[in-house]
Amino acid sequence: MSTVIANGTVVTAEATFSADVRIDGGVISAVGRDLGGPGDTVIDATGRHVLPGGVDVHTHLAMPSFGTETCDDFSTGHLAAAMGGTTSHIDFCIQPHGASLRSALDLWHAKAAGRALIDYGFHVAVTDPRPEVIDEITTLPELGVTSIKLFLAYRGTLQVDDAALFSCLERARDSGVLTMVHAENGDAIEHLMAGAIRRGETAPKYHALTRPPQLESEATGRAAALAEVLGAPLYVVHVSCRGALERIRDVQSRGAPVTAETCTHYLFFTKDDLDRDGFEGAKWVCSPPFREAADHEALWAALRDGSLSIVSTDHCPFQYGTQKVLGRGDFTRIPNGVPGIEERMMVLHHAGVNGGRITLQQFVSLTATAPARRFGLGGVKGSVTVGSDADLVLWDLTRDHTITAATNHGAIDYSLYEGMHVRGVPVTTLRRGEVIVDGGRLIAAPGTGQFLQRRT
Ligand SMILES: NC(=O)NCCC(=O)O
Ligand SMILES: [Zn+2]
Ligand SMILES: [Zn+2]
C-alpha cells in the first residue's frame, strides 16, 4: 500500500515547489503533481511545508562523563528528537580505556537496542590509541561506522596527542573513514584551570575564561595542518569562534578536504550567560565555551558562504538539579555539555529563516542534506528525493510556539532557550514512511528505530 503526502510545498536543499510525495515501502517513490490514487493512504499537507527529517550528526546519549551519565538515553533522547523534527542522528560511541573499538561499539549497540524511535548511527571516539587500536580503524567500515573522533582536550580522559592524531588521520584516510576532531588545546586549558582554582576562582564563568578562543583556534589550525599534510579528510566539530573559522577557511582555500560544523547554541549565547545569578550559569557550561556576540555573526556568515556546512546539536544533557550541581564550588567538575536535540530545528529556523539570515533551502541543507551526505548517508537520508527514505517533517511555518522545559520531551530539566518564542514548528514526523509523531503525540513503538550502516 502506498502513502501520498498531498498538496504540500516540498523543500529541498535546491528548491521549494508545490508537489505531492508518494511513498512505497518506506521509500520516496515519486515527487510530482496529483500522485494519489485509489487505495492510497493520503496525508493532506495543505498549508504545510514538506521537509526532510533532521539529521543530527553530533549527539551524546547515555554517555558516561564527569562521573555521571548524560540524562537522555536512546528512548528519551529519541522522543525529544522526533518531537523536534529530527529523524536520524549519529551518536558518539566512546572507547573506554583498555577496550577495543569493536567492544565499545557493542556497548553502544546495547544502549540503543529495544529503545530507538528514530534511526541512528555511531562514530567511534578513539581515546586510547594503542597500535592495535589504530589498526582496528580499518575494520570499522564493515561495521557500518565510517567516522572516528579524536579529542585534543579533556586531558586524562579523552585527550590524545598529536602523534596519535597524525597516525589516526593517516589510517582513517587509507580506510575511507572521516576523522572528526574536538579542537581545543587541552594542555594549556589544564594549566589555566589549575591556576584559577588556586586563586579561588570557582564559579561557572571561569569555565569560559580558562578556555579562551585562541586555544580553539590554535588546535583547529594544528589539526587542519596535519590533515592537509596527509591529504586526509577532517571534520572539525562544534566551531565556536572567528579565529577557528579563519584557520578552516585558510586550508579550505588550498583545497584541503576539511569541513566543519557549528552547533545551534553557538549562534545564540555568549560567555556572559555563564555569569548568571548564583550557580545558574552552570546550565551554559559546554566546551568549547560560549564566546562573544561578534562570533555569532561570523558563524552565520560562515553558514551562508559554506565554510561551515552543518549545524548539529552536540546534545549532551546533564540535569541542572542533580548533575550540573556536582560542580558547585569547583567549575572544573561541572559536567560539560548542553541539551538541544528538540530545539535545534525550531530555533535555527526561527532565527535563521525568519530572521533573514539563511534561506529555507539553506536551512534544509544545514540540518539534513549536508550532514547526511558528509556522513555516508547521501541518497538515503536528508532529502525529499526519489529513492531516499521517506523521513519527512510537515512544518507549519505560521504556527507559534514558546520553548519551555516544562513542555519539552527529554529527560532534561531545563532549556537554554526557555521562554523563546518561535514561529514555525514541525507538526507531523514520518520515519521511513511511518508517522511517528502527529500533533505532539508519539506514535512510534520503542525499538523501531534502525541502526544505520553508513558508507565510506
Ligand atoms: N561539548 C561538551 O561540552 N560536551 C560534550 C563532549 C564534547 O563534544 O566535547
Ligand atoms: Zn567536543
Ligand atoms: Zn560533543
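This report walks through a predicted model, from its nonpolar core to two buried helices and a ligand site.

## The nonpolar core

Let's start in the middle. The largest nonpolar core has 134 residues, and the members that touch the most others are V50, V124, A223, L234 and V236. Helix α11, covering residues 360-374, supplies the largest share of this core, with 7 residues. Two domains chip in as well: the core draws at least three residues from domain 1 (3-51 + 383-397 + 423-442) and at least three from domain 2 (53-374).

If you'd like to zoom in on one member, try A223. Leaving out residues up to four places away in sequence, A223 touches L152, L165, V181, A183, L234 and V236. Two of those partners, L234 and V236, are also on the list of residues that touch the most other core members.

## Helix α1, wrapped up

Now look at helix α1, residues 76-83. Because 8 of its 8 residues are buried, this helix is largely enclosed by the rest of the structure. The buried residues are T76, G77, H78, L79, A80, A81, A82 and M83.

What do they pack against? The buried residues of α1 sit against the strands β6 (54-59), β9 (86-94), β17 (421-431), β18 (434-438) and β19 (441-442). Just past the end of α1, G85 has a positive phi of about 95°.

## Helix α10, another enclosed helix

Helix α10 runs over residues 344-354, and 8 of its 11 residues are buried, so the rest of the structure largely encloses it. The buried ones are R344, M345, M346, V347, L348, H349, H350 and G352.

These residues pack against the strands β6, β9, β15 (310-312), β16 (392-402) and β17, plus helix α11. You may recognise some of those names: β6, β9 and β17 also pack against the buried residues of α1. Right after α10 comes a glycine, G356, with a positive phi of about 75°.

## Around ligand 1

Which residues are found around ligand 1? They are H60, H182, C286, S287, D314, C316, N336 and G337. Sorted by class, this shell holds 2 nonpolar, 5 polar and 1 charged residues.

## What the record says

An unreviewed UniProt entry places the feature "domain: Amidohydrolase-related" at residues 50-435. In the model, the C-alpha atoms at the two ends of that span lie 13 Å apart. As for its make-up, the span is 33% helix and 19% strand.

Technical notes: Residues numbered from 1 in each chain as written. Chains lettered and ligands numbered in written order. Predicted model: local features only at pLDDT ≥ 70, side-chain atom pairs only at ≥ 80, totals over all residues. Core = buried A, V, L, I, M, F, W, Y, C linked by C-beta atoms within 7 Å. Buried ≥ 20, exposed ≤ 12 C-beta atoms within 10 Å, placed from the backbone. Helix = DSSP H or I, 4+ residues; strand = E, 2+ residues; numbered from the N terminus. Domains from an automatic or database assignment. Contact = placed C-beta atoms within 7 Å. UniProt positions renumbered as here; feature names shortened; annotations may be inferred. Near = placed C-beta within 6 Å. Nonpolar A, V, L, I, M, F, W, Y, C, P; charged D, E, K, R; others polar.
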